[in-house]
Structure formats: C-alpha cells, structure tokens
Amino acid sequence: MSGNSNKSMPYYIKYGAMEQMKCRSKAAVARAALSRSSIVTPWRVTVIVAFAACVIAMLFAYIENREHIYYEILLRQMEQAPEEYIYELAADVVEYPEEIIWY
Amino acid sequence: MECDIALIIERLRSSDDQVQIFDWIIERYSERLYWHIRRIVVLHQEAEDVLQDTFVTAYTSVKRFRGVSEASLIAWLYKIATTVAIKALKRRRKHIFASLDSVTPWLVADFEEEISPQADEIAIALQRAVLELPVKQRLVFNLRYYDELSFEQISAITGQSLSTLKTNYHYASKKIKQRVVQLDYEW
C-alpha cells in the first residue's frame, strides 16, 4: 500500500496540533481500555438498573394489591368452610361495629 | 516499536498489551487518517473528535479485525474513520431525511474559514472544486487522488463495486477539471 500523499493541503492546522491529537487519541484508547476492564461497565449498569426498576415495580404492584389478594383468599376459604366457621371467617373480611360480641 | 507488521497484527489480536500496540498504531497512522477525515468534515475540531472516535472504535472492535497484512489494517482503519466521519456529517443535516449532500454549502463555507494563510492557490481551487462534489464522488476522489489507494482498497473501505468506484472517480475528475478550468487554473 502506498503511503500518504504529500500533496499539499490548504487547510490551516496549528503547529504541534498533530502531536496533541496523537496524545489525546492515546489517552482516549487508554480510557476505553480501563472501562473495558472495569467491573462497572455502562452495559452492566443498564442491566442492573433495569432489573432493579422491574423489582420495584413488582413490589409496588404487590403492596397496592396485597389487601385484595388477602380478601380473595378469605372469600375462597369462606366458600369451602363449614357453616360454623363462616361467621368467624367473615369477621376478618367485614368490619363490624365494636359492640357486637361474637362469642 | 519498529518491528514486523505481521507480528504487530498478530499481537493486536491476541496479546494483553493492546493499548501499547494501539499507541504504535496511533503514532503511525494518525496523520494520514486525520487528513482523510479533515477532507470529509473540513473543520479541525470535528476532525480531531472523529479521529479519537476512530481509534476508540477500532480498539473496542479489534476482535472483529480479520486481516493479516498492513494493507488490510489500513483499509480497516480507513473504513472506521470514513464511517465515523460520515456520521459526523449526518449530524449537521437540517433534519434526518435530508440528503447528505445538503451539507455541501456549509462545508464550502467552513473551508473558506479554515484556509491556511500559506496555502497554495491551486490547492485551494482544487479543494473548493472537490468540496462541491457529491459525497460519494468526493470520497472516492479523495481516497484515490490524495491517499493514493488502489480501487481494490477503496472498494474494501466503501463497500462499493470496482465499476461503481471507477465511474464515480471518472465523473469526479471530469467535474473537477471543468470547475478548475472555470477558475482559470491549469489542470
């Protein structure tokens, strides 16, 4: 392959700029090497943040719906429960006035 | 680090001292890559940024390099530099659907501000004419005329067929001749 031509280029370039560019390019590659060898990479951070967001969303949804889930379980128990326990179970579902004494 | 290029390429793929190898690559190829990029993006600051991105991209994707010769290494670096430079040009378009050639007037205007006071009049006229070419023709002309690459090497860089490249180069040369003659310069 032929080398770069020595045809004159009419662009202005500051004296010493080429050496500065080489230094900056070397520094940029060194930084890339550091970030590649690091445990904390942008890709890993993205995955961890996305996973944490999913977990938080699931927890939030669970907390929001926890009471409904609890009542559904109680209602199912009521459907299957013997007659004598119905009132006992119903006490957990419905808030009765305090003055009513069950036992 | 003066040594056999084949050995360098071998070490590039396998060794742990890739950063040192890249220091050598940067020393050896920065200048020609810089001028190639500068001829595409015109502005010095942008050319510098593109040059840095080129080496970082090359470093991060070095495992994909399959070449065994210096020619293939140079073609690979030119290919990355061209891709990054074209991306930089695309960012200068008014909107994403605008043609890449729509940035030509700005490039010509930028060039007027970037002319060296010591620049040769013929070189200035030639560069003005080159900047007025469509991007594809300009790229082929630059790689062939300034970088003195063969059409096979240019094909490896641009991904275009040899016949397309030769046609583009033919039209580019013709347009430049006409433009330079218009400007009363001898070709």
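**Two chains, questioned**

Chain B of this predicted model averages a pLDDT of 89, and 96% of the residues score at least 70.

Me: What makes α3(B) and α1(B) stand out among the elements of chain B?
Reply: Their mean pLDDT. Helix α3(B) has the highest, 95, and α1(B) the lowest, 82.

Me: What does the predictor say about chain A and its elements?
Reply: Chain A averages a pLDDT of 79, with 75% of the residues scoring at least 70. Helix α1 (residues 17–37) of chain A has the highest mean among the chain's elements, 91. Helix α3 (residues 83–93) of chain A has the lowest, 66.

Me: Which scores does the predictor give the complex?
Reply: An ipTM of 0.85 and a pTM of 0.74.

Me: How do you know how much area is buried between chain A and chain B?
Reply: The size of an interface is often given as the accessible area lost when the parts come together. Here that comes to about 3,200 Å², of which carbon and sulfur atoms give 64%. Chain A brings 26 residues to the contact and chain B brings 42 residues.

Me: Why is the pair A:Lys26 and B:Glu27 called a salt bridge?
Reply: The rule asks for a side-chain nitrogen of Lys or Arg within 4 Å of a carboxyl oxygen of Asp or Glu. The closest N and O atoms of A:Lys26 and B:Glu27 are 2.7 Å apart. That is within the 4 Å limit, so the pair counts.

Me: What makes A:Arg24 and B:Glu48 a salt bridge too?
Reply: Their N to O distance is 2.4 Å, against a limit of 4 Å, so the test is met. This pair crosses between chains: A:Arg24 sits in helix α1 of chain A, and B:Glu48 in helix α3 (residues 44–60) of chain B.

Me: How many salt bridges are there across the interface, and how many over all chains?
Reply: Three span the interface of chain A and chain B. The whole structure has twelve over all chains. Between chain A and chain B there are also six residue pairs in polar contact. On the side of chain A that touches chain B, 14 residues are nonpolar, six polar and six charged.

Me: How do you know how α6(B) and α7(B) are arranged?
Reply: From their axes. Helix α6 (residues 121–131) and helix α7 (residues 135–146) of chain B come within 10 Å and cross at roughly 145 degrees. Among the residues making the contact are B:Leu126 and B:Val130 of α6(B), and B:Phe141 and B:Tyr145 of α7(B). By class, this contact has six nonpolar, two polar and one charged residues.

Me: What does B:Ile5 touch, beyond its neighbours within four places in sequence?
Reply: B:Ile5, in helix α1 (residues 5–14) of chain B, is in contact with B:Trp24, B:Tyr29, B:Glu70 and B:Leu73.

How values were computed. Residues are numbered from 1 along each chain as its sequence is written. Chains are lettered from A and ligands numbered from 1 in the order in which they are written. This is a predicted model: local features need pLDDT of at least 70, side-chain atom pairs count only at pLDDT 80 or more; totals for chains, interfaces and linings use all residues. Side-chain values use heavy atoms; hydrogens and water are left out. Contact means heavy atoms within 4.5 Å. Buried area is the accessible area (1.4 Å probe) that two parts lose on being put together, summed over both. A polar contact is a pair of N or O atoms within 3.5 Å; within protein, one must be able to donate a hydrogen and the other to accept it, and residues adjacent in sequence count only if both atoms are side-chain atoms. Ala, Val, Leu, Ile, Met, Phe, Trp, Tyr, Cys and Pro count as nonpolar, Asp, Glu, Lys and Arg as charged, and the others, Gly among them, as polar. Axes are lines fitted to C-alpha atoms, for helices over the stretch in contact, and angles run from 0 to 180 degrees between N-to-C directions. Helices (H or I, at least four residues) and strands (E, at least two) are DSSP runs, numbered from the N terminus. pLDDT is the predictor's confidence in each residue, from 0 to 100.
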